[in-house]
Every structure is written in C-alpha cells, then in structure tokens.
Amino acid sequence: MQFEEKKWFEGKPGTKESFAIRMGEMPNGLPYLLPVMVLSGSEDGPTFFVNAAMHGDEILGTESVRQAWKRINVAEMKGRAVMIPMANVAGVGTRTRRNVLEMYPGPHDMNRVFPGNPKGIMTERIANLIAERFIGPADFVFDIHCASVGGEWLPYVHVPTEADGVSARVIAESTRLGRAWGAPMIYPGNIHGSLVGEAYKQGKIAGSVEFGVANFSTRPERIWGRTGVINLFQEMGMLPGEPEYELEQEQFTVKSMSKIITDRGGFLHERAKAGDRVSEGDTLALMMSLDGEEIATFEAPHDGVVARRNTMGVVGTGDIIAYVAEVV
Ligand SMILES: [Zn+2]
C-alpha cells in the first residue's frame, strides 16, 4: 500500500518507495503523517533531497514531485532522490500557507523557522526533521514554491550569494543547479530561517524555485514543474540526457528588486503582466474608486522586468502591487 506508516525507507537499488513518517497526532487524535517518495537508482551516486509544499497552498510543487516520481525510470538512475511532496500536510488539506491546526505561538511560516525544534510546535518539528534527516545526508537540496495567494511571479530560482556565508564552490555549483531548472529569472539571495538557508549552513549545493499561483495548477505548469525536477537530476548526472527547457526570453539575473506598495485601497486594473519588459515611468496598474474615479497610478520606478504582479481585483492600503526587477 502506498504511504504506509514507516520509520524510514529501505532504499534497495532500482526501486520506488512511498511511505509516511508519523509526526504525532492531530487535535482529533488521528495520526499526523508526513509523506515521503523515494527513487533509488540502480547504480550508486549522489543523494538529492527535493522538498515541496511547505506552504500548504503551493500545490504545484506537489504535482512536480509526484509526476517526476511516476515518470522517472529508476533502472537508468544513479544515486537516490528523496522527496517530500507536501511538507505542510495540514496546510495542503486546508489550502492555506500555514498549518492552521497549530495554536499559539503559531501558526508559523515553515520557511522562516529552520533549523526548527524537535520539541516545538508541529511546523518546527517538521522543519527540524527536514534539517537533520533529509538535508543532513543529502549532497544536493532543492525546494519548490509558488506565489502566495494574490500574486503571480515570473518563474525564478534563488541562488546563494557571498552574504549567505557559503564558499565560492557552493555559489557556483548552486547557480549551475538553479539554472538547470529552466526558469527565466535568476534571483540571487536567500531568506533568513529558510530550508535552503539551512542547506547552505550545512555546506550543501542548493536552490529553490518559485512559479505559478497558489492553490491551482494548469497542465503546462504541471509539465513545466516535473520537467524542472528531471532537469535537476540530469544536471547533477543522476539521469541520462541534458536539461530541456524553452524560454520566451533569455535567462537573466536580478540586480535589485523594487517593491511597489499602495497607500490607497480600491479596484485594481492591471496594465502589465509578470515577465513584461518595462521602462521607467511605464504604467503597471491603475487604482479605481468605487464610484469610478482613477485614484492612483502605479509606474515602473526604473527600467526592468515585471517580476510579480498582484492578481487580486481589489486591494487594500499597504498591499503590494508589483515587484520590478532591475536586470544585471
Ligand atoms: Zn512558498
């Protein structure tokens, strides 16, 4: 049976395994299970840990993992892929970013609590398990994300910088890994307390991707996601073939990112899409009042690319309208 409760995988060469680790119990007393999917290649090689849906509304990551798991032929694989298809199990169930079963001091954002705490609340316990048992033994680490509710990103991968305190080799190898996924935008930087930040602390070659929107997946996005996972394994020599991707524009690196925030609330009319090239002063969006007046215009603060746009029809004071990337 799939996702049977087990302590750990067996990892026999040339096998696919899926099982679940018991993290404890939910408030209703039923088991809180963390699913794991493992591909053990027929030949020795590196260990690659892939994580998805630590934010419960980012199910494109789950689709990417399960489809790659299904399609990959382990007979032609070297090494092992250990994958968590949904790190935030409760969040996927409630279609929320955080685990809303969690009470004070949570619910926490899992991507801010690494390396977690084995005696903490559930999110911290899962983060700690990931840090010790999944990142610890891995050679390579990759974390899959989507835009949070109300936003759409031009797909990007995060790669480390010197500010992350990692070696030049880890920066170079992580950048190579990140590029292989096939996203148009390479965004150097890292988030404090993140899974990938923990991987860098442990000296791992690591990266993360962000694409699509929350709580929804289209067929092209699902195919893009599973291709991205397979690309990573090919780049690191675990599968035959070369990474494959088509880009509508050249891969580019972000130099800086501007955030455009609104002081006014109202009805948002978009004038630019994620991925659009813009010049300083170009209109990104307009704000209309309930009685039909145009009350604000949002312009590109400099030349660049629209990296993220707000997808909500109505926004409030303080909401983010867009991010505009300055390109290297
Ligand atoms: Zn996320």
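# Chatting through a two-domain model

Reader: Hi, new here. Which domains does the protein chain have?

Author: The domain assignment splits the chain into domain 1 (4-235) and domain 2 (255-327). Keep in mind that this is a predicted model.

Reader: OK. How many Å separate the centres of the two domains?

Author: Taken over C-alpha atoms, the centres of domain 1 and domain 2 are 31 Å apart. The contact takes 8 residues from domain 1 and 10 residues from domain 2.

Reader: What gives the largest share of the side of domain 1 that touches domain 2?

Author: Strand E7 (residues 151-153), with 3 residues. By class, that side of domain 1 has 5 nonpolar, 2 polar and 1 charged residues.

Reader: Switching to the core. Which residues touch the most other members of the largest nonpolar core?

Author: Phe48 and Ala307, out of 92 residues in that core. Helix H3 (residues 122-135) gives the largest share, 7 residues.

Reader: And where does this core lie, relative to the domains?

Author: Between them, because domain 1 (4-235) and domain 2 (255-327) both give residues to the core.

Reader: Back to Phe48, what is it in contact with?

Author: Leaving aside neighbours within four places in sequence, phenylalanine 48 contacts Gly79, Ala81, Ala138, Asp139, Phe140, Leu232, Phe233, Met236 and Met238. Two of those names come up again in helix H6 (residues 219-235): Leu232 and Phe233 are among the buried residues of H6.

Reader: Tell me about H6, then. What covers its buried residues?

Author: The cover includes strand E4 (43-52), helix H1 (59-71), E5, strand E6 (140-145), helix H4 (168-181) and E10. The buried residues of H6 include Trp224, Arg226 and Asn231.

Reader: How does the span of H6 compare with 1.5 Å a residue?

Author: The 17 residues of H6 should span 24 Å at that rate, and the end C-alpha atoms are 24 Å apart, so the two agree. After H6 comes glycine 237, which has a positive phi near 75°.

Reader: You mentioned E10. Which glutamate lies in it?

Author: Glutamate 210, in strand E10 (residues 205-210).

Reader: Is Glutamate 210 buried or exposed?

Author: Buried, because 25 other C-beta atoms lie within 10 Å and 20 or more is the cut-off for that label. Not counting residues up to four places away in sequence, glutamate 210 touches His145, Cys146, Ala147, Trp153, Pro155 and Tyr156. There's also a long-range pair: glutamate 210 and glycine 61 are 149 residues apart in sequence but 9.1 Å apart in space, C-alpha to C-alpha.

Reader: New topic, strands. How do E2 and E3 run?

Author: Antiparallel, with 10 bridges joining strand E2 (residues 15-25) to strand E3 (residues 31-40). Alanine 20 has proline 35 in E3 as its bridge partner. The hairpin has 5 residues between the strands, and glycine 29 there takes a positive phi near 90°.

Reader: Which strand does E3 pair with over 4 bridges?

Author: Strand E5 (residues 78-84), again in the antiparallel sense. Leucine 39 stands opposite alanine 81 in E5, and Ala81 is also one of the contacts of phenylalanine 48.

Reader: What order do the strands take in the open sheet of 4 strands?

Author: E15-E14-E12-E17, with antiparallel pairing. Strand E15 (294-299) and strand E17 (314-315) each have a single partner strand, so one side of each has no neighbour in the sheet.

Reader: How many bridges join E14 to E15?

Author: 5 bridges, with E14 covering residues 283-288. Leucine 286 sits opposite threonine 297 in E15.

Note on methods. Residues numbered from 1 in each chain as written. Predicted model: local features only at pLDDT ≥ 70, side-chain atom pairs only at ≥ 80, totals over all residues. Pairing = 2+ DSSP bridges. Helix = DSSP H or I, 4+ residues; strand = E, 2+ residues; numbered from the N terminus. Domains from an automatic or database assignment. Contact = placed C-beta atoms within 7 Å. Nonpolar A, V, L, I, M, F, W, Y, C, P; charged D, E, K, R; others polar. Buried ≥ 20, exposed ≤ 12 C-beta atoms within 10 Å, placed from the backbone. Expected span 1.5 Å × (residues − 1). Core = buried A, V, L, I, M, F, W, Y, C linked by C-beta atoms within 7 Å.
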